[in-house]
Amino acid sequence: MGETARAYRVLLGSRVRSQTSYRTSFALDVLASLTAGVVEFAEVYVIFHNVPTLGGLDLTAAMLVFGLATLGFALGDLFAGHLDEVPTLIRLGTLDVLLLRPLPVLAQLMTGDVQLRRLGRASVGVAVAAIALARTDVDWTPARLALLAVTPVAGAVLFAALFLAAGAVQFWLVDGGEFTYAFTYGASYAASFSPAVLPLPVRALFSFVVPAAFTAYLPTLAILGHAGPPWLPGWLGWWVPAVAVAGWLVAAGLWRLGLRHYTGAGG
Amino acid sequence: MRAVGAFAVAGFRRYSAYRLSVAAGAFTNSVFGLLRASIVVAAVGTAGGTLAGYDERSAVAYAWITQALIAPVAIFTWNDLALRVRTGDVAVDLARPVDLQMQYLAADLGRAAYVVLPRALPPLLVGALTFGLAMPTTATPYLLGAVSLMLAVTISFNCRFLANLSAFWLVDHRGVVNLYVLVSNLLSGMFAPVTWFPAGLETVARLTPFPSMIQAPADVITGRLDTAGSLRALGVQVLWLGITLVLARLALVRATRRLVVQGG
C-alpha cells in the first residue's frame with residue numbers, strides 16, 4: 001500500500017514540477033485558463049445586461065449557477081480532462097505501456113497529466129460564486145451549507161465521469177473522438193445557465209442522460225429554495241451526491257468494458 | 001500561381017481525408033446550436049420580442065449561422081504554423097519557391113472550401129427542423145454572403161497567422177494562441193451579437209477585426225442587413241483585410257530575420 005501511494009506521489013510530483021519549471025509558459029497558461037473563465041462569464045453577463053431574468057434566474061442566482069458549474073468543471077477537467085486524449089494514446093500505442101505497469105490504467109491516466117493551469121478557471125468559478133453568495137439573502141441552514149460545500153466536489157465527480165465515459169467510448173470510436181465533445185464541453189456549457197430555457201427533450205437530455213443540470217443548477221435551486229421548472233423540481237438538488245456516485249459508477253463500468261474491448265495495435 | 005493552387009488543393013485534400021472527424025464536428029456544432037438558440041429565444045422573449053435589433057427569428061438564425069461558420073472561419077485553435085516553427089520544419093516551408101504567407105493562406109482557403117458545406121449544412125438543417133430557420137428567399141444575400149465569408153476566412157487567417165508567428169519569439173506559443181482564441185470568440189460575436197454587448201465592450205469589439213470574422217458574414221447571409229447595410233459591412237471587412245494583411249506581413253519579415261537555420 002505504501003509503495004503504491006509513493007508511486008502516485010512520484011507521478012503527481014513529476015507533473016507539478018514539469019509544469020512549473022518554465023515559469024513564463026506556466027503563467028501564460030494559467031492566464032489563458034483564467035481568461036477562459038472570464039470570457040465565459042462575459043457571455044452570461046452580456047445576456048443579463050439586456051434582460052433582468054433568464055430561465056427563472058436573476059443575475060445573482062445565475063452567477064451562483066455559473067460559479068458552481070465553472071468550479072466543478074475546472075476540477076473535473078483537472079483530474080480527467082486529459083482522458084479525451086485516449087484516441088491519441090490508442091493510435092500511438094502509448095496505452096500498451098500503461099497496461100504493462102502494475103497500477104490501474106485509469107489511475108495512471110488521471111494522475112499522469114494533471115494540468116495545474118486549469119486552476120485558473122477554477123478561481124474564476126470561486127470568485128463569481130462568492131460574489132453571488134454575498135449579494136444573495138439565503139436562509140442558511142446546516143443542510144444548505146453542507147450542500148453548498150459538497151456541490152463543487154459532486155460537480156467535479158460528475159464532469160470527471162462524463163470525461164471518463166467519453167474516454168471509454170473512444171475504444172470503439174477512435175477516429176470520431178470529437179463526437180463526445182458535444183457531451184463533455186456541451187455539458188459544461190449547458191451547466192452554466194438555467195435549463196428552464198431549453199425545450200423539454202433537450203432539457204431532459206442535459207439533466208438525466210448527461211447530468212449537467214445536477215452539477216450546479218439543481219443544487220442552486222435547493223440552496224435558494226426555488227421550486228424549479230417542469231421536470232426539474234428544486235428538491236432534486238439534494239440528491240446531487242447520490243447522482244455523482246451513480247454517475248461515476250456507470251462511467252467506470254463503461255471504462256472497464258472499453259478497456260476489455262481494447263486489443264492493442266499488435267507488436 | 002499554379003504552385004499556389006497546389007497548396008489550396010493540398011489543403012482541401014488534407015481535410016477531406018478525415019470524414020468522421022468532420023461529421024463529429026458538425027454534430028457538436030449542432031448540439032451547441034440547440035443550446036445557444038434556446039438561450040437567445042428566452043432572452044429575446046424576456047426582452048419583449050426584440051433585443052438590440054434582433055427579433056426571435058433573426059436571433060435564432062444568428063445562433064445557428066454562427067455555429068455553421070465556426071469551421072470555415074476556423075475560429076478555434078489553429079497552430080499548424082506555430083508547431084512547425086517549434087520543430088524547425090518552418091525552414092523547409094521557407095525554402096519553397098512560394099512565399100510562406102501565400103502557402104499557408106492558399107492551404108487555409110482550400111481547407112475552408114472543403115469544410116464549408118459538410119460543417120455548415122448539418123447544423124443549419126438541425127436548426128431548420130427544430131427551431132425553424134428564417135433564411136432569405138432572394139439571391140442577393142447569398143451572393144454577398146459568399147463574398148463576406150471569403151473575406152472573413154482571410155481576415156481570420158491573417159490574425160491566426162499573426163498569433164502563430166509569436167512562436168518565433170516564445171518557446172511555448174500555447175498561451176498566446178489560447179488567449180487569441182478566447183478573445184476572438186468573445187469579440188467576434190460568436191456568443192451573442194456585438195450589438196447586445198454593454199456599450200464599452202461593443203466599442204472595444206468594433207475597434208478589432210473580430211466582428212468582421214463572424215458577426216459580419218452572419219448578418220449578411222441571414223439577410224438581417226439590407227443590401228446597403230451588407231455593402232457597408234463588406235467595406236469594413238475589406239478595410240480589416242488590408243490592415244491584418246499588412247500587419248501579418250510586417251511580423252513575418254521580422255520573424256524570418258530572427259530565424260537561424262543551422263546545418264544544411
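**Figure 1. Buried and exposed faces of helix 13 of chain A.** The buried residues of this helix are A:V240, A:V243, A:A244, A:G247, A:A251 and A:W255; a residue is buried if 20 or more other C-beta atoms, placed from the backbone, lie within 10 Å of its own, exposed if 12 or fewer, and partly exposed in between. Seen down the axis of helix 13 of chain A, these buried residues fall within an arc of 105°, so they line one face of the helix; the arc is that of the directions from the helix axis to the C-beta atoms. On the other side of helix 13 of chain A, the exposed residues are A:A242, A:L249, A:G253, A:R256 and A:R260. The cover over the buried residues of helix 13 includes helix 6 (105–112), helix 8 (142–173), helix 11 (212–215) and helix 12 (217–224) of chain A. Helices (H or I, at least four residues) and strands (E, at least two) are DSSP runs, numbered from the N terminus. The model is predicted: local features need pLDDT of at least 70 and side-chain atom pairs count only at pLDDT 80 or more, while totals for chains, interfaces and linings use all residues. Residues are numbered from 1 along each chain as its sequence is written, and chains are lettered from A and ligands numbered from 1 in the order in which they are written.

**Figure 2. Helices 3 and 13 of chain A.** Helix 13 (residues 240–261) has 22 residues and reaches 31 Å from its first C-alpha to its last, close to the 32 Å expected at 1.5 Å a residue. Helix 3 (residues 59–80) of chain A also has 22 residues and reaches 30 Å between its first and last C-alpha, against an expected 32 Å; the expected span is 1.5 Å times one less than the number of residues. Helix 3 of chain A is mostly covered, with 20 of its 22 residues buried.

**Figure 3. The largest nonpolar core.** This core has 164 residues, and those with the most contacts inside it are A:A62, A:V65, A:A160, A:L162, A:L164 and A:L218. A nonpolar core is a set of buried Ala, Val, Leu, Ile, Met, Phe, Trp, Tyr and Cys residues joined through C-beta atoms within 7 Å. Leaving aside neighbours within four places in sequence, A:L162 is in contact with A:F183, A:T184, A:A187 and A:V210; two residues are in contact if their C-beta atoms, placed from the backbone, lie within 7 Å.

**Figure 4. The contact of chain B with chain A.** The contact takes 34 residues from chain B and 33 residues from chain A. On the side of chain B that touches chain A, the elements giving two or more residues are helix 2 (19–46) and helix 8 (174–187) of chain B. Helix 2 of chain B gives the most, with 16 residues.

**Figure 5. Surroundings of B:P141.** B:P141 is placed in helix 7 (residues 140–165) of chain B. With 22 C-beta neighbours inside 10 Å, B:P141 counts as buried. Apart from neighbours within four places in sequence, B:P141 is in contact with B:P136, B:V220, B:I221 and B:G223. B:P141 and B:A228 are 87 residues apart in sequence and 11 Å apart in space, C-alpha to C-alpha.

**Figure 6. Positive phi at A:W231 and B:A52.** A:W231, in the loop between helix 12 and helix 13 of chain A, has phi near 75°, a positive value in a residue other than glycine. A:W231 is partly exposed, with 14 other C-beta atoms within 10 Å. B:A52 is found in the loop between strand 1 (50–51) and strand 2 (54–55) of chain B, and its phi is near 45°.
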